[in-house]
Amino acid sequence: MAADILHPETDIDIANPKLVCADKAWFLAWTRPRLEIVAEQNLRQQEFDVYLPLYKSIKKNETGNHAVFEPMFPRYIFFRPSSVKQSIALVRSSRGVGNVVSFGHIPATISADTLTAIRLFEQVRNTTDIEKLNPIRKGAKVKFFNPAFEGIEGLIQSISKQRVTVLLEILGRQQVLTVTPNQIKLAA
């Protein structure tokens with residue numbers, strides 16, 4: 001019987017990639033479009049350790065800005081077997097999963113240290129107040145969504161929860177305009 005040939009960085013038996021060292025390697029699955037949460041739930045039901053990093057972002061609607069949590073890496077999810085004997089081959093056929101990311105025949109891995117850094121970033125970002133995440137700040141250059149002001153840029157003078165005061169130059173004169181935050185966007 002031939003000795004196991006292990007990949008030096010991932011401890012994957014190259015001859016039999018189904019058996020892995022559970023406490024070292026995290027793998028990456030490519031999910032079907034917008035099915036990251038479905039993939040996460042199904043992999044958890046199969047007793048895999050799963051991590052789906054979420055990113056707090058700001059969405060605008062008619063009532064103003066609100067926070068939403070979206071996948072930090074759309075269509076990707078991290079997983080690892082919960083035991084040494086668990087096969088990663090099951091992941092490919094799990095609901096929501098498109099495939100296991102691999103390079104040739106070797107599954108792609110990510111170190112626990114890198115994953116810890118991602119978790120820390122996620123924690124800081126997701127506990128930050130929504131006002132601090134908003135890129136619209138005093139002194140920022142903005143454009144308007146309203147077609148009447150198309151092509152006109154202004155500078156933000158002041159910001160409150162429901163109103164933004166913008167300094168404009170119209171016909172050679174400076175004008176102050178007060179609008180709701182969902183009526184403006186950052187100028188490129």
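## The β12–β13 hairpin

In this predicted model, strands β12 and β13 form a hairpin with two residues between them, and Leu171, which lies in the turn, has a positive phi of about 55°. The two strands, β12 covering residues 164–170 and β13 covering residues 173–179, run antiparallel and are joined by seven bridges. One of the residue pairings across the hairpin involves Glu169, whose bridge partner in β13 is Gln174.

## The largest nonpolar core

The largest nonpolar core contains 14 residues, of which Ala29, Leu43, Phe48, Phe79, Val91 and Val97 touch the most other members. At least two residues of this core are supplied by each of β1 (26–31), α1 (36–45), β2 (48–51), β5 and β6 (97–100).

Phe79 illustrates the contacts made by one of these core residues: leaving aside its neighbours within four places in sequence, Phe79 is in contact with Trp26, Phe27, Leu28, Ala29, Leu43, Phe48, Asp49, Val50, Ile88, Val91 and Val100.

## A separate core

Apart from the largest core lies another one, made of ten residues, and among them are Ala140, Ile156, Val164 and Val166. Val164 and Val166 fall within the residue range of β12 (164–170), the strand that forms a hairpin with β13.

## A nonpolar patch at the surface

Trp30, Phe73 and Tyr76 make a nonpolar surface patch of about 260 Å². Of these residues, Tyr76 is placed in strand β5, which spans residues 76–81, and β5 is also one of the elements that supply at least two residues of the largest core. Tyr76 counts as partly exposed because its relative accessibility is 31%, a value that lies between the limits of 20% for buried and 50% for exposed residues.

Methods. Residues numbered from 1 in each chain as written. Predicted model: local features only at pLDDT ≥ 70, side-chain atom pairs only at ≥ 80, totals over all residues. Heavy atoms only, no water. Pairing = 2+ DSSP bridges. Helix = DSSP H or I, 4+ residues; strand = E, 2+ residues; numbered from the N terminus. Patch = residues over 30% accessible without salt bridge, like charges linked within 9 Å, V, L, I, M, F, W, Y side chains within 5 Å. Areas by Shrake-Rupley, 256 points an atom, 1.4 Å probe, with all protein chains shown as cover. Salt bridge = Lys/Arg side-chain N within 4 Å of Asp/Glu carboxyl O. Buried < 20%, exposed > 50% of the residue type's maximum accessible area, 1.4 Å probe, protein only. Core = buried A, V, L, I, M, F, W, Y, C linked by side-chain atoms within 4.5 Å. Contact = heavy atoms within 4.5 Å.
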